[in-house]
Amino acid sequence: MAMFQEARQTAIERSGDNPVPEAGDSTPDEPKKLHKKTKKKKSKKKKHRTRESSSDDDSEEDRKKGNESSDDEIGPPLPPAFKPTLEHQKPTGQSGKAEVQNDADEDDEDIGPPLPPGFTKPSLPLEVDSKTDSSEDSKLKTSNMQIEEEDDEDEDGDTAEEEDNPLNKIPTSHEIVFDHGQKTISALALDPSGARLVTGSIDFDVKFWDFAGMDSSLKSFRSLRPCECHQIRNLEYSPTGESLLVVAANAQAKIIDRDGFEQMECVKGDQYLVDQASTKGHTAALNNGCWNPKIKEEFLTCANDSTVRLWDVTSKFKHKNIIKTKSTGGRKTVPTACTYSNDGRWVVAGCTDGSIQIWDHNKYAFVNVAMQNKTAHMNGSDITCLKFSYDGRSLASRGSDDTLKLWDIRNFKQPLASNTSLPNAFSMTDCVFSPDDKLLVTGISLRKNEKEGKIVFLDRDNLQVVKEMHMSESLYYDPDKSHRGAMLCVVKRERKVKQTEIMASQNIITPYALPMFRQGRPTSTKKFEERIRKDPVKSHRPDLPIAGPGTGGRVGAKGATLSQYVAQQIVSRKPDPYEKDPRGAILRHAKDAAENPYWIDPAYKKTQPQTVFRNPDEDKKEEDDDPGPIWKKKKLG
């Protein structure tokens, strides 16, 4: 029991709580003793707690001091001989606070490499001055910010205006020239992808220009005459770009592919039939033609036989449908221009009586017109072009009466706008809308004393001229605005052409001839060129240096021709005193010949030492004494 009580007391001392006496374990005198002991222990614990709190306070003060010292002094302890400068001393009071603020400001302001040692920083103003200056600076900054924002808004507005201005989208900074020929270019067509250009002229030629395949020489890759001796009236690529419609001044339109090979030729109608609906094709010269934008196999042509015919590429032996154009009195009128609407619903034709007639393509029979304006242009003048806008609501018509008019399909009686001062002398003059439908473009014919034609840009709203450009056989582009087209070829250098000689000789093949008469097979040009190269005459080899006295009329001493050598000798020789006295030149050798004979005298030296010469006077006497033959005697009487 004694051991159990001691263990219990130790547990109570450790726990420090009031014990709960258990029944039967202790006597009534024991609680009093335990209570006194617990009071003593509680007092001891309070003293211990106060000591701990005081020690904790001291430790906190020491920590604060240590933190302050650690804030000021970071790193290993300083050496004993080290004296801290003013920068290392702690600031005291208000001045210290100001210095701390100044140091912080300097730390914020100092950006970049350290200043040189001789440089002194300017003194900082007082707090009040700094506050006023900061307020003024803030005002200036806000005002500057407002001005910059206004400038940015102005610039944004200017750039937006420049972007909205359609004239700024016209590429006119650079120019390249295509050489088609000497005659007027009457037709142009551009591939839908912008990779190829086709030109047709009055000289019957059609030339293909491939921008991706050309170099800076700008030469066409193909030239052909699809319609023999008929001038080209119109050229147009199909919507897919696979085929090209060629409309010439004959009665048969042609379809050729991208490379110029013929795919289809329309049939010609019977000229002796009165009813044009009974003929299978046109019977007079064509004026214009175009493709259907929705049906890729269908195209449209108009001719001087007063008909507009629809064709199908798959059936070339007969037209698909026929439209007869009629004037006000029901008589025939010649259509000079035709086109489809962008959705393929309307078929439009412009006639020589000045009328514009529109038919509905959804109806199979084109008997009655859907819309018509009989006085659209002057009577007797050709309508050279009809073009729909991209929105499909407006129709532009160009006439040879020097006018360009804009019509609304929904109200086809009066034009929306017109311009009557655009000279037009050709029946192939076109007009076209800009891609954004804000401008109209057309050409102006040459006036008197003018050398270059013009292209004019007109505002769609009022058809007033906003820009003019002088044109020849040129193509304009802008490196910043243009895509594909001329940008593909102008950056390429001109290719060097390798010249090779070609032998154009006809070989007669005789397989059964005798070997002595049989001709050899033609060899390759390479071996032939090698043989010619070895021949000095055919290869025109220059003369080699002379080794020796000279050959071939060339003298080795002088290294020149014989004539040059003779000329040099004539100039270098001494003058001859006997040049003009040939008798004296011979007699100067008489003394030497008499003293030292060489040819005749040595032969007769022994037999005839003394020379005997015949006297010429004796010869004369003998001639006089000789009477001659009898028949030569002179008759007397």
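**Figure 1. Secondary structure of the whole chain.** The chain contains 9 helices and 28 strands. The model is predicted. Of its 637 residues, 28% count as buried. Among contacts with a separation of 6 or more, 46% are made by residues 24 or more positions apart.

**Figure 2. Spans annotated as WD repeats.** The unreviewed UniProt entry carries the annotation "repeat: WD" for residues 178-210, 279-315, 340-360 and 376-417. Two of these spans are described here. Residues 279-315 are 49% strand and 0% helix, and the C-alpha atoms at the ends of residues 279-315 are 15 Å apart. Residues 340-360 are 57% strand, again with 0% helix, and their end C-alpha atoms are separated by 10 Å.

**Figure 3. The open sheet of strands 10 to 13.** In this sheet 4 strands follow the order 10-11-12-13, with antiparallel pairing. Strand 10 (286-291) and strand 13 (321-324) are the edge strands, each pairing on one side only. From one strand to the next, the twist averages 20 degrees. Strands of a sheet pair through backbone hydrogen bonds, in either a parallel or an antiparallel sense. Between strand 10 and strand 11 (residues 298-303), the antiparallel pairing runs over 5 bridges. Asn 288 has Cys 302, in strand 11, as its bridge partner.

**Figure 4. Surroundings of Thr 279.** Thr 279 is located in the loop between strand 9 (262-265) and strand 10. Thr 279 counts as buried because its relative accessibility is 2%, under the 20% limit. Its side chain has a polar atom 2.6 Å from the backbone oxygen of Gln 276. A polar contact of 3.0 Å also joins the side chains of Thr 279 and Arg 309. Residues up to four places away in sequence aside, Thr 279 touches Gly 269, Asp 270, Leu 273, Arg 309 and His 319. Arg 309 thus appears both in the list of touching residues and as a polar partner of Thr 279.

**Figure 5. Lys 492 and the segment from Ala 212 to Ser 216.** Lys 492 is in the loop between strand 26 (474-477) and helix 5 (525-534). With a relative accessible area of 32%, Lys 492 is partly exposed, because this value lies between the 20% and 50% limits. Apart from neighbours within four places in sequence, Lys 492 contacts Ala 212, Gly 213, Met 214, Asp 215 and Ser 216. Met 214 is 278 residues from Lys 492 along the chain, yet their C-alpha atoms are separated by 7.9 Å. A polar atom of the Lys 492 side chain lies 2.3 Å from the backbone oxygen of Ala 212.

**Figure 6. Cysteines and the absence of disulfides.** The count of disulfides comes to 0. For Cys 385, the nearest cysteine sulfur is that of Cys 431, 3.8 Å away. Cys 385 is in no disulfide, because a disulfide requires the two sulfur atoms to be within 2.5 Å. Cys 385 counts as buried, at 4% relative accessibility. Cys 229, in contrast, counts as exposed at 56%.

Methods
Residues are numbered from 1 along each chain as its sequence is written. This is a predicted model: local features need pLDDT of at least 70, side-chain atom pairs count only at pLDDT 80 or more; totals for chains, interfaces and linings use all residues. Side-chain values use heavy atoms; hydrogens and water are left out. UniProt positions are given in the numbering used here, feature names are shortened, and annotations may be inferred rather than shown by experiment. Helices (H or I, at least four residues) and strands (E, at least two) are DSSP runs, numbered from the N terminus. Buried means under 20% relative accessible area, exposed over 50%, partly exposed in between (1.4 Å probe, protein chains only). Contact means heavy atoms within 4.5 Å. A polar contact is a pair of N or O atoms within 3.5 Å; within protein, one must be able to donate a hydrogen and the other to accept it, and residues adjacent in sequence count only if both atoms are side-chain atoms. Two strands pair if DSSP finds at least two bridges between them. Axes are lines fitted to C-alpha atoms, for helices over the stretch in contact, and angles run from 0 to 180 degrees between N-to-C directions.
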